[in-house]
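Student: Hi! I have a structure open in front of me, and I would like a close look at a single part of it. Could you walk me through that part slowly?

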Amino acid sequence: MRERLALLALLLCAGPVGASTVVEQEEPPGPPGYQEVPGQSANLVEGALRATVTNGMLRPTHGYIPLEVVLHNTGPTARVVRIDVEAHGMGRAGTSSRVVEVGPRQRLVAWVPLSLPSRGGTVILSGEDVPPNRFNLYSMDPPGAPLLVLGAEPQFEAGTGLPRVSKEPKLSVRFVSPQDAPRELSSYVGHVGVVVASDVATLPADVWAAVEAYAATGGHLSLLVPPRDVGERLPLLAHTTPGDHPYGFGRVRLCAEAKGCGVGLLGDASSAEAEVEAEKPLGLLSPVGPPPSWQRSSGQLLRNGQEPLLPGVQAPVGRFLLLITLFVLLVGPGGLALARRKGPVALLIAVPAVALTTCLTIIGWSVLVEGFSLHASRYSVTVLDRARDRALTVAVNSYYANLEPEAVRVPTLGALLGPDSDGDPYGLEADWTNGMVVTGGFLPSRSYREWGEVAVVPTRARLILRREGQTLRVQNALGARLAEGSVRLDGEEWQLPALEDGAEAEASPAPASREDFLEVVGFSDPVRRRFSGVPWDVLSAPLPEGGFRARLEGVGLAPTSALPVELHEGVHFVLGRVDGP
């Protein structure tokens, strides 16, 4: 009887224990969603000027961190305000500045992009009757893929169906008013995606130009409410049906229903997360920076042991060691022999003379062989939009110089991209008042640097065709030497001849097309790795009627092509449509 009672008690106790075990199990994860990163506001009141600086900014995956400063002039006269940002990171500190004029009783939003290696810094506001005011600044690494949304949060939720979550978000979102959105491409280029949640017509023209340039140069743009005139607003779209479409070097998503658009955004976030886990570079371009400090003693010039794109960027150590050895022999055994034969007075004259000759030889070598010019290798891929006389260009350039060059100018619809790895010892000094003007940090003396560029620039470059009987004449007006290429006309493919800029010659029927499309591009393997995110599958599609592809030589169409350089190599791949016949 006692054994039965004990067994019954054990069973009664086992029930609550098992139930408590079930209760203590972890709850299944909720639906994937987003989390807002609003930042924190720091306010300033100085007379008639009101200013708000947004701190705790969302940090993109590459490119620049857009800093938002809201200025409100409550007085009857205009005010000029200067915004300086002294950024600090793991490498060299950088600075960004912008001068804006705030009209009488005007509210103005100014954006100051900061280079990505900046983790924080100090914001200084100053101006007429405004003493310098300092604000501490920091940026936040997003828990999810960074997404910039032009519109309000209810519009975003209604257009995507994504819930707001408190932990493990797939997307980290920053909401910006469409009227206050940035006008520079640099403020968009580092985000995994840009979403226009409101009506596209509410965006100012310069904001829409920057957003369209973002998509054309490799970004992912989503329109939650596609306008009726989407084909006119996005002229590179081949189809205007709902869905995900190629657009230049990037993609455009036209949303028809909330669920499909939300799934697409989550897919973009998962792809970015997979690339980070695989240690693949994010973005269209991947210029390579110097190695970490602990690897420099091994003699590596670039990160991960990669090769420079510009030869001869290392000091001629062997030649200098030979000169130093000769100097030691002359002042050592040679000096002893001279002292015994001519006396100590001759030695006092000979040693400084030999030292001076050695120094002059080293200086002469640097001047005659390396010179004071800027050495460069330039590579780019360009899509010509002849209907609007513009060029969509992505480029990777490598530089070396004995002396740092002067200011480098980048247009508003362009962005200069450095290596994205933390700790790279570069820090740009840039003025953003009228586009981007780099005043320092672009290329320190006697150093090798690689920079990427994405830009939408105006151009009159074109390829002109005309028929003369049964022959097809080609005129090169692309602004550079045409090395080779092909064009499709009347259903046939023609081979373009090698032509100098402005020259004219006869085209010939093209032979069987090459199996490897990248051979036509002409990039070496190290160069091709720098263009890691370029959609070669889209660019290698069959040419449409009147379309051409060509390989050019020279400085290319990127904004920094205005820099005077001694060009080692210039290879540029161009896609477009011909003029005529």
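Student: Which residues in helix 2 meet which residues in helix 5?

Tutor: Happy to help! Keep in mind as we go that this is a predicted model. On the helix 2 side, the residues are F156, A158, G159 and T160, and they meet A258, K259, C261, G262 and L265 in helix 5. Sorted by class, this contact has five nonpolar, three polar and one charged residues.

Now look at how the two helices lie. Helix 2 covers residues 153-160 and helix 5 covers residues 258-277. Their axes come within 6 Å and cross at roughly 100°. An angle from 65 to 115 degrees counts as roughly perpendicular, and helix 2 and helix 5 are therefore roughly perpendicular to each other.

Let us zoom in on one residue of that contact. T160 is found in helix 2. Is T160 buried or exposed? With a relative accessible area of 2%, T160 is buried, because buried means under 20%. A polar atom of the T160 side chain lies 2.7 Å from the backbone oxygen of F156, and F156 is itself one of the helix 2 residues that meet helix 5. If we leave aside neighbours within four places in sequence, T160 is in contact with A258, K259, C261, G262 and L265, and also with L224.

Next, let us step to the strands that come before helix 5 in the numbering. Strand 16 spans residues 250-254. Four of its five residues are buried, so strand 16 is largely enclosed by the rest of the structure. Which strands pair with strand 16? One partner is strand 14, residues 220-223, which pairs with strand 16 in the parallel sense over four bridges. In that pairing, L223 stands opposite L254. Another partner is strand 15, residues 243-247, and here the pairing is antiparallel, with five bridges. Y247 of this pairing stands opposite G250 in strand 16. Strand 15 and strand 16 form a hairpin with two residues between the strands, and G248 in this hairpin takes a positive phi near 60°.

A residue in strand 13 adds to this picture. G193 has its place in strand 13, which covers residues 193-196. G193 is buried, with a relative accessible area of 5%. Along the chain, G193 and L221 are 28 residues apart, and yet their C-alpha atoms are separated by 6.0 Å. Leaving aside neighbours within four places in sequence, G193 is in contact with P146, L147, L148, Y214 and H220.

For comparison, you can find another hairpin earlier in the chain. Strand 9 (residues 118-127) and strand 10 (residues 130-140) run antiparallel, joined by seven bridges. V123 has F135 in strand 10 as its bridge partner. The hairpin of strand 9 and strand 10 has two residues between the strands, and D129 takes a positive phi near 60° there. Strand 10 also pairs with strand 4, residues 57-58: two bridges join them, and they run parallel. In this pairing, the bridge partner of M57 is S139.

Positive phi values turn up in other loops too. R105, which is not a glycine, has a positive phi of about 50°. R105 lies in the loop between strand 7 and strand 8, and at 58% relative accessibility it counts as exposed. D389 is a residue other than glycine with a phi near 50°. The place of D389 is in the loop between strand 17 and strand 18, and with a relative accessible area of 24% D389 is partly exposed.

Strand 17 and strand 18 lead us to a sheet. This open sheet has nine strands in the order 20-23-18-17-31-30-26-27-29, with mixed pairing. Its edge strands are strand 20 and strand 29, each pairing on one side only. Inside that order, strand 26 (residues 481-489) and strand 30 (residues 547-553) run antiparallel and are joined by six bridges. V487 stands opposite F548 in strand 30.

Finally, zoom out to set our part in the whole protein. The secondary structure comes to 11 helices and 31 strands. Of the 581 residues, 48% count as buried, and T160 and G193 are buried too. Among contacts between residues at least 6 apart in sequence, 70% join residues at least 24 apart.

Conventions: Residues numbered from 1 in each chain as written. Predicted model: local features only at pLDDT ≥ 70, side-chain atom pairs only at ≥ 80, totals over all residues. Heavy atoms only, no water. Axes fitted to C-alpha atoms, helices over the stretch in contact; angles between N-to-C directions. Parallel < 35°, antiparallel > 145°, perpendicular 65-115°, else oblique. Contact = heavy atoms within 4.5 Å. Nonpolar A, V, L, I, M, F, W, Y, C, P; charged D, E, K, R; others polar. Pairing = 2+ DSSP bridges. Buried < 20%, exposed > 50% of the residue type's maximum accessible area, 1.4 Å probe, protein only. Polar contact = N/O pair within 3.5 Å; in protein donor to acceptor, adjacent residues only side chain to side chain.
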